[in-house]
Amino acid sequence: MWDGIIIGGGLAGLTAGIRAAERGKQILIISEGAGSLTYSSGALDFGDVGQLLSHEDHPYALLGETVVHAGMEWFQNLFPDYRGSWSEFQEILTPLGAPRKAGIVPRSHNTEPLKNAKVIILMAPYGLKDFFPEIIKTNLLKAYPQCEVEIFPFRTGTFESWHTIGKPVTGMDYTKYWQSQPGVSELKRLLDSLPQTSGETVILFPGLAAAFCEPLKEVLAGTPFPVIEMTSFPPSACGHNLYSALKQKFKSLGGELLTGTGVQSIESHNKVCSRAIVRSKGRPTAFSADSFILATGGIFGGGIEATADTAQETVLGLPLYVPAQWTNSEFLGEQPYARIGIEADRELRPVGPGGKEVLFKNLRVIGRMLAHWDPWTETCGGGVSLATGWFAGNQL
Amino acid sequence: MKDYQVVIVGGGATGVGILRDLSMRGISALLLEQGDLAHGTSSRFHGLLHSGGRYAVKDPQSAAECIDENLILKKIAPHCISDTGGWFVQTKDDSPGYVEEWIKSCAGAHIPIREVSISEACRKEPLMDKNVLRVFEVPDATVDGFRIVWANARSARHYNGEFRTYHQAERLVTDKGQVTGVAVRNLLNGHQFTVHCDIVVNAAGAWASQLAGSIGIPLDVICDKGTLLAFNQRLFHRVVNRLRPSGDGDIFVPHETITILGTTSQFVDSPEDNDPQQEEVRSLLEIGEQLLPGIMKNRIIRAFSGIRPLHREDHDVPGVKEEGRNVSRSFALIDHELQDGIKGLISIVGGKFTTYRLMAEKVSDRVAEKLGNTTPCHTAEEDLLPEIPEHVYKKAARLLPYAPVEKMLERLQEDAEDVLKEIEQTPHKGQMLCECEMVSMAEVEKAASDEDTHHLADIRRKTRLGMGTCQGAFCTYRALPLLWQKKEKYDSLDEELRNFLNQRWKGIRPVLWGQQLRETELTRAIYSGILQFTEN
Ligand SMILES: Cc1cc2nc3c(=O)[nH]c(=O)nc-3n(C[C@H](O)[C@H](O)[C@H](O)COP(=O)(O)OP(=O)(O)OC[C@H]3O[C@@H](n4cnc5c(N)ncnc54)[C@H](O)[C@@H]3O)c2cc1C
Ligand SMILES: Cc1cc2nc3c(=O)[nH]c(=O)nc-3n(C[C@H](O)[C@H](O)[C@H](O)COP(=O)(O)OP(=O)(O)OC[C@H]3O[C@@H](n4cnc5c(N)ncnc54)[C@H](O)[C@@H]3O)c2cc1C
């Protein structure tokens, strides 16, 4: 018998799990897949919180400002490698080298040093996939007109045989290498070999992902110039490392993580959930708990499936908010389908149509499963998952 | 002063077919196309090389033309055609009387048919409904419209024929009751100029009436919109038709790794009215279900619509407006000297993709006669493209993984050598930039730098980039640096990307469910979230 079972181990589920485990709860997370963090940039967007709080049904509005703020603070205390501020955005670079705002970012991604730089040296690892130095250079020159940008191509011995046969080297491959012992030494040599310029030079290094890796952080701390990183095209080492760090933290607090298998259904009685049913080795297995959290990731995570006629919640068949019209013609503009999700009360418990009746007393819904928000037009993907996850873990 | 003997307006199958034919006869010709080649209906169709079976009962003349052209094209353009064969299938809802009539009509049109036993049919097409009553085999095949259009253009170029893409014929120029040229606008830079010639051929497809209308000549072309669905898999091995009078959604055409189901039929006001609608998708699926039970379980990657230009003689219109399929699909060659007393203008309207060569031959015969040229037509005998030399095959097989080789060579033809040389020198350019359709970086780079490529969408049509299951989620980004290298000729990267994504979106919107919706969420995450592109 668990204190809580969390279905879905993405950003929202893991956050809830860690928060509850910190509070001494016995938590089981059951997750079919790895969630969307490995695809994500690794930075957590909160969006314009003040403005979003005023949208009546938005998850932020359900939680209220204090909770969202608390979630943000908590995360930074949990992971000092990340940094954010309630009062201002952090600036980081997109994979094309354009500056953009974000809520909480890996420290090494913050572009602060570029503001006063005179020279940016853009490291260009040979054969790095989905990395376009010439375009990045143009975007940097546009954003930091006071700077010169030099592209610094280099190759490492490790991937020579890959280059010969034209095999792509992804950011994940490079990161793995830098985090190995020979990689750390080579990185040190490489940075030492850079021209020793004045204090106004900044190194921009793609495909590194230093957060959570002590030896790498040490190398970077020892350089005479700031070294900063940029986000990468999916799959991203930085997002993946955050996912690993969350898992590790959860386990270190005594949490149990069951991956590779999905919850098929939840048994309930009188509006109280009692057992999660999992199919393993062809046989259904039941896990009991006092409380449940549904964090199955919406359309991308698999918690919501759409057919030509309708959309369905896959575990309990909870009612969903579904807009009448799903799309608009501008792809990157508002797309109403993105707001499909479960409507909840201020405790994040699912409610029936009309919003009055609480459907299950001991079930909370978090992250991308919730209705009435769009991570892409509102740039709040990480923020909503983090804040709702923290709240659910805190209440459990 | 004449610039060319002939100007052809329209770079679809019909127009390029005419360009090739005239050029082979030694007649100097320029073709103008407002978009990329095959920008109109010739890339928005079913891709069925008709055996004629579909028209046998209703329109024996069309049927006979189809089977003749079917055999000719299989001979001269084997690399653009996949000889899958086709079936006509009678279900319990289809009238037995019609079947008997059909068998007789096929014999009359010399379309060879063979009855296939139900057990053989179920074995060969396991997904087909098991309750079908009778199955007949015909020589249907599938055709890659885009490729055949380009093959014609290349062959024409070989004979000194010229074509300009993104050049719009704004209006015809006349002098004393005779058409003497075309006023043209280069859509890429806005330049306007006039081209003078003896004869203008109006092969503007669904737009033909607009061109004729520019000098007040009435030309009645009905725009009949047809919507098609592209499935993610090869559901059938061969073309599968319903054996009944032609109706919506009753033909499945397999192409490479996908299957196209269609089509609907609905009159629209303009050739640009080609947004597929949700209701059309539904009706296609309902009818498709009868031959392919459980059709909804298969992933649809997109819907798209094309416009059939149907010619209608003004006097026999009553009632046809409701049903496009009753208007003849055989073509009309209109010599406006005879019809309207205007010399120097010929329009070609209607027809089918399958009969484009025949239509071109008829037009070219008429043009040649007027110009006093007596060289006969050779387009039915000469191969559309030279064979790919053995050493090129071998080199490709050495440099690239097995699967993409064949397709790449078919797409690139004589340009293959350049691309292979590039891969040999810089091996990483052999990486697949588009992983769904297996298009190498070197090939996309080549397409991006071609002088007749002006937008990301042109690269897509040339290489199939972004046409696979991811519908551009990954490869759009990967094409950006190649556009950037040639930035003088492209719009800004933001704009190219936005336009490209919006074009793809148009086809996804009506089929937005299941895996496709999930893919959409990923694509928005990448372009809005990670790359922070915003709407215009
Ligand atoms: C490509 C991409 C880029 C992104 N970029 C950013 C960014 O730059 N900034 C930002 O702030 N946010 C970004 N996000 C968004 C952010 O990552 C998501 O909002 C957030 O991760 C959603 O978290 P979640 O936990 O709700 O869902 P998910 O991470 O999707 O996790 C859901 C989990 O539930 C599991 N699951 C589903 N059904 C079941 C079942 N029946 N039983 C058991 N388990 C189940 C899934 O396998 C999955 O592991 C990005 C997302 C994507 C996809
Ligand atoms: C849904 C559908 C399915 C079909 N399926 C099949 C099939 O399976 N088999 C088959 O044989 N046939 C099929 N057809 C018919 C076939 O596609 C068309 O008959 C054929 O493609 C028409 O070719 P075209 O060159 O005449 O017209 P188009 O390909 O439309 O070419 C006309 C060109 O003229 C250009 N143009 C117009 N105005 C101007 C101007 N002012 N200046 C410059 N350029 C201009 C346009 O941009 C266009 O590219 C189908 C049609 C549809 C709609």
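Which domains of chain B does the shell around ligand 2 draw at least three residues from? Keep that in mind as you read these notes, and remember that you are looking at a predicted model.

1. **Two domains meet the ligand.** Here is the reply to the opening question: the shell around ligand 2 takes at least three residues from domain 1 (4-41 + 146-220 + 314-371) and at least three from domain 2 (80-140 + 222-311) of chain B. Try colouring these ranges in your viewer.

2. **Who stands around ligand 2.** There are 35 residues around this ligand, and those that come nearest are B:Thr14, B:Glu33, B:Ser42, B:Leu48 and B:Thr354. Sorted by class, the shell holds 20 polar, 12 nonpolar and 3 charged residues. Among the elements of chain B that each give at least two residues to this shell are the helix α1 (13-24) and the strands β10 (167-175), β13 (221-231) and β18 (300-311).

3. **Polar contacts of ligand 2.** Look for oxygen atoms of the ligand here. One is 2.9 Å from a side-chain N or O atom of B:Gln34. B:His39 also uses its side chain, with a polar atom 3.0 Å from a ligand oxygen. B:Gly40, in turn, contributes a backbone N or O atom, 3.2 Å from an oxygen of ligand 2. On its own, ligand 2 has 990 Å² of accessible area, and the protein covers 96% of it.

4. **Ligand 1 and its place.** Now turn to the other ligand. Ligand 1 lies between chains A and B. It is surrounded by 37 residues, of which A:Gly33, A:Ser41, A:Asp45, A:Val263 and A:Gly382 are the closest.

5. **What builds the shell of ligand 1.** Chain A supplies at least two residues from each of α1 (11-22), β2 (27-31), α11 (298-301) and α12 (381-395), and α17 (514-530) of chain B does so too. By class, you will find 17 polar, 16 nonpolar and 4 charged residues in this shell.

6. **Polar contacts of ligand 1.** Which parts of A:Leu11 and A:Arg100 come up to an oxygen atom of ligand 1, backbone or side chain? For A:Leu11 it is a backbone N or O atom, at 3.2 Å. For A:Arg100 it is an N or O atom in the side chain, 3.2 Å from a ligand oxygen. A:Gly35 brings a backbone N or O atom to 2.9 Å from an oxygen of ligand 1. The accessible area of ligand 1 on its own is 1,000 Å², of which the protein covers 96%.

Technical notes:
Residues numbered from 1 in each chain as written. Chains lettered and ligands numbered in written order. Predicted model: local features only at pLDDT ≥ 70, side-chain atom pairs only at ≥ 80, totals over all residues. Heavy atoms only, no water. Near = heavy atom within 4 Å. Polar contact = N/O pair within 3.5 Å; in protein donor to acceptor, adjacent residues only side chain to side chain. Areas by Shrake-Rupley, 256 points an atom, 1.4 Å probe, with all protein chains shown as cover. Helix = DSSP H or I, 4+ residues; strand = E, 2+ residues; numbered from the N terminus. Nonpolar A, V, L, I, M, F, W, Y, C, P; charged D, E, K, R; others polar. Domains from an automatic or database assignment.
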